[in-house]
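How do two chains of one model meet, and which parts of each take part in the contact? The report below follows that theme from a single pair of strands to the packing of helices.

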Amino acid sequence: MVTQTSPPGGAQTAPAAEPSARQVAERRWRSARGVVAVLLVMVVVAVILAALRPATSPLALDPTSPKQDGGRALAELLRQRGTEVTVARNTEAVFTADPGSLVLVTRTERLTDRDLSRLSAWQVDLLLVRPTSFALAELAPQVRRREPVYGNADPGCSLEAATRAGTVAFRQSDTYEATGSATRCYQSDSGDSRVVQVQNGSNTVTVLGSAEPLTNGRLTEEGNAALALNLAAGTGASIVWLVPDLPESGSGAGQQSLGDLLPFGVKLFFLELLVAVILVALWRARRLGPVVAEALPVVVRSAETVEGRARLYRAGHARDRASDALRSGARERLVPLLGLPRGRAQDPTAAQEIVTAVARRTAYDETYVGAALYGPEPVDDAGLIALSDVLDDLERQVRES
Amino acid sequence: MALTGRLGLLALLTAVIPLFAPTWWTLFIVWGVLLLGVLADLALAGNVRALRFHRSGDTNVRLGGTAGVTLIVENLGRRRLKARLRDVWPPSAGATPRTVRVDVPAGERRRVEMTLTPTRRGDRKAVTVVVRSVGPLGLAARQLSRAAPWTVRALPAFPSRRHLPAKLARLRELTGAHVALIRGQGTEFDSLREYVDGDDVRSIDWRATARRNDIVVRTWRPERDRRIYLVLDTGRTSAGRVGDIPRLDCSMDAAMLLGALASRAGDRVDLLAYDRRVRARVEGASRTDLLPAMVHAMAPLEPELIECDAAGMVSTLMARVRQRCLVVLLTELNTAAIEEGLLPLLPQLTARHLVMIAAVSDPRVGEMAAARGDLASVYDAAAAERARAERRRLTAELRGHGVEVVDAPPDEIAPALADAYLSLKAAGRL
């Protein structure tokens, strides 16, 4: 390690000092921090959005779930009031139930195309709780979903279940717009309804925009319980509560590949895009003239061997060699100052002569000077540093005397 | 042939057409139109094959200076040529501009001015000239690269030129040609002349005075017409960088100052650059031609990463020079290289010639020797002291063989070598 700095204006002022690892790291951080900041912001925004989104647990509106968002309270109430509640985990169970039952359909996102078409063909009354637009198109084609709204609402319609329930706490709810003859209840400010009842042939289909009034947690708020019980048990003696399990893979959905789903025009678009990319690549690949290679001069620092030897000394703790070199260098500079012939500097027989001369011109006695100039090697690294300082001091005193 | 970005962009924009008319035919039509555009451009672009290139301009430039090279583009075709042109030079030639737009009507010529600022010494050869002539639609271009040879030689900078007036003034003092009335300090008898007030009485020639009625003094002058042989070592030790300059460049600078000085002093100067074979040689150049000849000989020299063959160098020297001369060897005081190579051959050389060795020392070693503070600095200082001691020992050994040694840092080596030469001349030892 070379820690010393070159003097200003010296011939050695290196034109471009090699950057230290710290400087390199700083430079990289400076150039990358914009990207890192953008990524961080994206992550934070994603986390916030995910946190704001209402979470649906796997057991939401399950008639056996006692959790806040479960439906066990409603199911128990219905049973207490003499309504037979059958829990269906798939659509097969619906078709084996009483033909006169009401089917309460929850979690419609789990129903496959085939389930939905069979359900619409089955002649039963349906109560759809917050259906997906896909399910809505299949089961109640005259009803269309609109923007969600928030808050309590008054019935404002002639539906008996609604008028008897009064105000209901829907909290966040989808709204619907229906064409043709339909009963529209709990309308929002924009005129769309939270509850819509339509006649689909001989069957009644009721669409409920929010699952909240049915859940364990919210059943006691406002007229929720009344609305839920009236809608569920209003018509028949038994209801089938359909909570579909996740469809097995390959059962109707997801059999088509991406290629089947893409329109032909889009495929051609991508083909042309590929051609465009190839053309751009060809444009960039053709250089205006060759890259010129040139033999560069070798860069070897002249002092490299000296620096290498210094590192070797240090790695090998060669205090003997280092102290010898420092002492002989100091003697070499001292001898002309003392007025002695240059040859004496490295002559062991002239040791006493030099020591005496130096001691006479400095504040130290001969023993001290002798130990400094000819003594044994330092026992540790601190001793070596001290020796270099002592030699400097001797040299300075002789020079100034 | 070359495609343009416009073609890619057009392909990108037309990619939306199949979205509205999703048939294969749409795509084929789009491709057909693009292909037609490309073919039309290739057919209508200016003919690059009918171009002829001519060059004129500078062939030499001092390192750090700027050379102007003119490229003349002649269009022998029947169509006007609108093109982008790149005159390709090696990076160290520092050629600007990188590309130029040229517009050459049929049968006419246009000049393209290039400026070159070489960053390194040596010959810089033009690689090629590339012309890209884009068609009228801008979709495709015809491209051709054709050689247009030219060489610009970047000469050594000779920064120690500023020392020359001072050294020449000292030389004039020596020869007595100085404006002040100072007796020429030479050893060679020049002429007799009448005594004037202020002349040194010791130079009165009594014998001549006796023959005439006037007092006559002898005048002396330094020896003239001596031979100086500058030998540049271009072996591995010359590649080491002192500061940021290779040792060879410092040696060249010193050689140029000495050459300029010695040729003014009336001596004959020859130059030899050697590592394992002769890299450059200047012999028998006249006084006025010497410096240009040296500069041109040295310009393409690069340090070779091989050990210098001292035996070969000495035998070459002995074969070339019969009479006694001053051999100035510009090398490095590297213990291993000198002790194994040059030292055994020195007696042979010194028997016939006066030998002077000039070496560039590294100030970094001095800095390291002065370093104190922590352990690393002290070990640095110890290693530097060791290196200095070896250098001193080697210098003493060389002096023992009767060799003059000049050892100085890079910014002082040229004047130090000139001073050493002047003192040899004053002492009449040449």
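In this predicted model, R301(A) has R241(B), a residue of β16(B), as its bridge partner. The strands involved are β10(A) and β16(B), the latter covering residues 240-242 of chain B, and they run parallel, joined by two bridges.

This pairing belongs to a wider contact, to which chain A contributes 53 residues and chain B contributes 69 residues. On the side of chain A that touches chain B, two or more residues come from each of α9 (264-285), β10 (300-301), α10 (304-315), α11 (319-338) and α14 (381-400). Of these elements, α9(A) gives the most, with 14 residues. Sorted by class, the residues on this side of chain A are 33 nonpolar, 11 polar and nine charged.

Since α9(A) gives the most residues to that side, its packing against chain B deserves a closer look. In general, two packed helices are described by the angle between their axes and the distance between the axes. The table sets out these values for α9(A) with α3(B), and for a second pair that lies within chain B.

| Helix pair | Axes come within | Crossing angle |
|---|---|---|
| α9(A) and α3(B) | 10 Å | roughly 20° |
| α1(B) and α3(B) | 11 Å | roughly 165° |

With an angle of roughly 20°, which is under 35 degrees, α9(A) therefore counts as roughly parallel to α3(B). The crossing in which α9(A) passes α3(B) is right-handed. Where these helices touch, L268(A), L271(A) and E272(A) of α9(A) meet T26(B), L27(B) and V30(B) of α3(B), and by class this contact holds four nonpolar, one polar and one charged residues.

The helix α3(B), which spans residues 24-44, also packs against α1(B), which spans residues 5-14. Here the axes cross at roughly 165°, which is over 145 degrees, so α1(B) is roughly antiparallel to α3(B). This crossing, too, is right-handed. From α1(B), the residues L7(B), L10(B), A11(B) and T14(B) meet V30(B), L34(B) and V38(B) of α3(B), and the contact has six nonpolar, one polar and no charged residues. The residue V30(B) appears in the contact with α9(A) and also in the contact with α1(B).

Turning to chain A as a whole, its secondary structure comprises 14 helices and 10 strands. Of its 401 residues, 31% count as buried. Among contacts in chain A between residues at least 6 apart in sequence, 62% link residues that are at least 24 apart.

How values were computed. Residues numbered from 1 in each chain as written. Chains lettered and ligands numbered in written order. Predicted model: local features only at pLDDT ≥ 70, side-chain atom pairs only at ≥ 80, totals over all residues. Contact = placed C-beta atoms within 7 Å. Helix = DSSP H or I, 4+ residues; strand = E, 2+ residues; numbered from the N terminus. Nonpolar A, V, L, I, M, F, W, Y, C, P; charged D, E, K, R; others polar. Pairing = 2+ DSSP bridges. Buried ≥ 20, exposed ≤ 12 C-beta atoms within 10 Å, placed from the backbone. Axes fitted to C-alpha atoms, helices over the stretch in contact; angles between N-to-C directions. Parallel < 35°, antiparallel > 145°, perpendicular 65-115°, else oblique. Left-handed = near helix turned anticlockwise from the far one by under 90°.
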